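Q: Hi! Could you walk me through this one before I set anything up?
A: Happy to, here it is.

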Amino acid sequence: TPTHPHATSEWTLDYPPFFAWFEYILSHVAKYFDQEMLNVHNLNYSSSRTLLFQRFSVIFTDILFVYAVHECCKCIGGKKVGKELTEKPKFILSVLLLWNFGLLIVDHIHFQYNGFLFGLMLLSIARLFQKRHMEGAFLFAVLLHFKHIYLYVAPAYGVYLLRSYCFTANKSDGSIRWNSFSFVRVISLGLVVFLVSALSLGPFLALNQLHQVFSRLFPFKRGLCHAYWAPNFWALYNGLDKVLSVIGLKLKFLDPNKIPKASMTSGLVQQFQHTVLPSVTPLATLICTLIAILPSIFCLWFKPQGPRGFLRCLILCALSSFMFGWHVHEKAILLAILPMSLLSVGKAGDASVFLILTTTGHYSLFPLLFTAPELPIKILLMLLFTIYSISSLKTLFR
Amino acid sequence: MEKWYLMTIVVLIGLTVRWTVSLNPYSGAGKPPMFGDYEAQRHWQEITFNLPVKQWYFNSSDNNLQYWGLDYPPLTAYHSLLCAYVAKFINADWIALHTSRGYESQAHKLFMRSTVLIADLLIYIPAVVLYCCCLKEISTKKKIANVLCILLYPGLILIDYGHFQNIYNSVSLGFALWGVLGVSCDWDLLGSLAFCLAINYKQMELYHSLPFFCFLLGKCFKKGLKGKGLVLLVKLACTVVASFILCWLPFFTEREQTLQVLRRLFPVDRGLFEACLKTFLFFLFCFTFLSLLPACIKLTLQPSSKGFKFTLVSCALSFFLFSFQVHEKSILLVSLPVCLVLSDIPFMSTWFLLVSTFSMLPLLLKDELLMPSVVTTMAFFIACVTFFSIFEKTSEEELQLKSFSISVRKYLPCFTFLSRIIQYLFLISVTTMVLLTLMTVTLDPPQKLPDLFSVLVCFVSCLNFLFFLVYFNIIIMWDSQNGRNQKKIS
């Protein structure tokens with residue numbers, strides 16, 4: 001696998017170090033399948049054995065995801081509906097998670113390793129539900145160093161652990177009891193996070209490549225929107241800008257020569273500027289995101305409702321970051337959909353929100369598969385998942 | 001969960017599996033000059049669209065019968081014509097006379113695959129759904145599970161969507177299934193019409209014709225040949241004749257036309273030269289009929305739905321085992337009736353369907369369909385095990401062998417281990433199949449015996465099929481209880 005400073009292809013490594021180590025381990029297995037694919041200069045290499053190896057590696061790493069789903073099913077209570085297996089909340093939850101349409105097409109058709117990363121996240125959530133906070137924190141720290149997109153939900157973790165773990169008791173009305181602050185816990189949490197980060201970033205610190213690593217991880221030069229627009233607020237913003245510029249041109253308010261030519265919808269990432277509305281900077285998106293997550297964070301701090309409250313806050317953080325983030329991938333919607341599945345089998349209100357979220361979220365993933373043969377597959381799979389989720393949740397909350 | 005939601009989900013799963021299998025390569029891809037049977041189907045569209053009806057089955061400068069000439073009955077030709085009209089609408093190059101030979105492109109492949117899926121969706125799948133809904137004495141959940149297992153049967157999926165050898169098997173099997181449905185539910189005229197359509201689509205369906213005939217004849221006898229029975233017989237005869245005339249209408253105008261079509265359908269001059277071969281074939285023919293005669297006679301004398309289905313199995317199996325020039329995929333003609341009795345004898349049916357898929361292994365490997373075969377077979381097996389709990393249903397009564405073993409025990413009092421024997425046989429059979437598959441995939445055959453593995457597969461499958469033939473015949477012949485129940489119903 002190419003190391004950081006190289007610019008050997010357009011698909012350079014832009015994930016944190018743990019993911020790099022993961023690919024490194026995979027490459028050692030890969031050489032038993034096909035030597036050629038490990039050649040750094042073999043770009044766009046694909047043989048049937050490469051394909052086989054990669055697909056099997058995704059399936060194999062999904063074992064972690066399956067284990068995480070198993071743990072999550074143990075945590076959720078759910079009403080005692082009839083004895084029918086297919087009507088139990090646990091069964092419905094496991095189907096909703098394991099057969100999640102978004103995960104299926106992103107991991108197995110579009111191809112990535114999100115399965116086991118979401119497995120790590122779900123496992124850390126399950127550990128927090130089971131009051132094994134240290135493990136949950138550790139798992140999340142590891143996860144962050146696999147894929148930094150999970151920074152979207154880091155505030156939820158931070159606030160929850162601080163509020164509900166470091167402050168060991170509450171007053172009778174649920175508000176914070178300052179003198180129950182436990183230094184031991186804070187320090188142990190900090191130690192865990194520090195050790196994990198040291199393990200991951202340490203080597204690069206020693207090699208003096210930290211700056212390079214960060215510039216690869218947070219490429220702010222990449223532009224406000226990803227090549228395929230994530231359906232978030234900035235997509236609407238861009239659209240509005242375009243409409244206004246067209247109107248402006250027609251009504252002769254704008255000078256055609258002054259309009260930048262870069263297109264926002266072409267294949268790879270480019271930078272561009274807005275014509276009518278003010279251009280958006282990364283700082284602006286950060287501020288918008290922070291404002292959006294503030295209400296849920298406040299709720300989590302002042303009125304903690306245990307692990308469920310944490311889960312809600314996590315989902316809201318994920319959604320807010322999706323809405324207002326800089327250079328958001330449309331796959332990021334999965335960050336909100338998968339945890340929401342856990343809530344959906346609990347209450348009827350959550351179930352209806354989940355149905356809306358999941359149906360629109362999955363539909364927004366359609367452009368990822370664009371070839372004609374894949375069209376029936378994505379339609380059929382989408383129909384399958386949507387019909388199942390609607391009918392099973394409806395039956396559950398009859 | 002509501003029944004219709006579940007049924008929709010099951011049908012969608014069936015469709016998804018079919019389409020994913022179809023994303024694999026097809027036979028004869030990129031292999032001039034003959035290409036594969038995919039090219040045959042495309043060529044038939046070209047012929048039927050560009051030439052007048054009278055020339056479809058004749059050798060001419062425009063229609064070279066050596067290059068994939070039409071050798072199926074007229075309904076296939078009409079279907080090809082219909083597809084050709086659609087093809088013309090999308091891209092006329094696909095069916096241009098002469099110039100489109102060997103045409104291969106992504107878009108065309110997609111088109112051909114879609115025609116198969118649509119035909120399946122319109123004819124086969126509704127038949128399966130309706131059949132399972134009409135099953136008696138089982139719960140709704142079991143009916144839906146039945147649909148799932150039948151739709152997941154690997155053999156049909158792999159041949160129609162993977163192999164592309166004479167696709168549209170689901171059409172003829174679907175029509176036959178409509179026939180079975182109609183005849184079992186006492187809509188005899190519609191059932192026989194559907195079955196005639198099946199025969200006119202692919203002449204292989206003649207394997208099923210004897211049971212249909214015997215069952216309907218039996219029904220007429222039962223109603224009394226001097227009253228309603230005779231009326232029914234006449235109506236049936238008229239329906240059959242009318243449907244044949246309708247399908248063959250353009251070819252009945254001249255005697256030569258009809259003969260030529262028959263010559264294409266039944267190429268009897270393929271290798272029938274030596275006298276000893278002729279005698280051998282004569283005996284083969286006799287043997288076939290002898291093996292299926294008892295079941296057919298019983299069906300005529302005691303017509304019942306259940307007997308009918310089992311007779312379908314045993315007749316088709318006899319023809320498959322003992323006929324001349326049988327193609328591997330003809331096992332599908334046996335598999336369909338076995339799918340129908342899946343709810344009655346889940347253990348044996350699942351076993352048979354696994355063997356039938358295995359018997360086509362050489363064909364599937366030739367088309368590089370190993371991965372889809374393994375995956376679909378495992379999915380099918382897991383579905384059957386989960387929904388039918390087949391390993392718990394191996395007692396004598398469950399295997400419908402109770403009356404048989406009671407009769408045997410009159411002579412051999414120690415014959416109590418029948419189900420044990422059958423379980424062991426199952427284990428041996430499955431182990432052999434798995435081992436042979438592994439060997440065929442990983443090892444190379446020895447130099448002197450290049451076809452070793454294909455022959456071994458053939459041999460093992462044949463042994464299994466002979467066992468099943470005996471088993472199904474036993475069920476039919478020792479099925480005395482059913483006769484009594486039938487009298488109560490009618």
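A: A quick definition before we begin: a helix here is a DSSP run of H or I with at least four residues, numbered from the N terminus. Keep in mind that this is a predicted model.

Q: Thanks! Which helix does B:Ser80 lie in?
A: B:Ser80 is part of helix H3 of chain B, residues 74-90.

Q: Is B:Ser80 buried or exposed?
A: Buried, because its relative accessibility is 4%, and the cut-off for buried is under 20%. Leaving out residues up to four places away in sequence, B:Ser80 touches B:Trp44, B:Gln45 and B:Thr48.

Q: Switching to charges, how many salt bridges are there over all chains?
A: Nine. One of them joins B:Glu46 to B:Arg42, with the closest N and O atoms 3.0 Å apart.

Q: How far apart in sequence are B:Glu46 and B:Arg42?
A: They sit four residues apart in helix H2 (residues 37-50) of chain B, so about one helical turn separates them. B:Glu46 is buried at 0%, and B:Arg42 is buried at 0% too.

Q: And what does A:Asp350 pair with in chain A?
A: A:Asp350 forms a salt bridge with A:Arg312, 3.0 Å from N to O. A:Asp350 lies in helix H14 (residues 348-364) and A:Arg312 in helix H12 (residues 306-324), so the pair ties together parts 38 residues apart in sequence.

Q: Which of those two is buried, and which is partly exposed?
A: A:Asp350 is buried at 8% relative accessibility, while A:Arg312 is partly exposed at 28%.

Q: Which residues form a salt-bridge network?
A: A:Glu71, A:Lys74, A:Arg127, A:Arg132 and A:Glu135 are linked that way.

Key: Residues numbered from 1 in each chain as written. Chains lettered and ligands numbered in written order. Predicted model: local features only at pLDDT ≥ 70, side-chain atom pairs only at ≥ 80, totals over all residues. Heavy atoms only, no water. Helix = DSSP H or I, 4+ residues; strand = E, 2+ residues; numbered from the N terminus. Buried < 20%, exposed > 50% of the residue type's maximum accessible area, 1.4 Å probe, protein only. Contact = heavy atoms within 4.5 Å. Salt bridge = Lys/Arg side-chain N within 4 Å of Asp/Glu carboxyl O.
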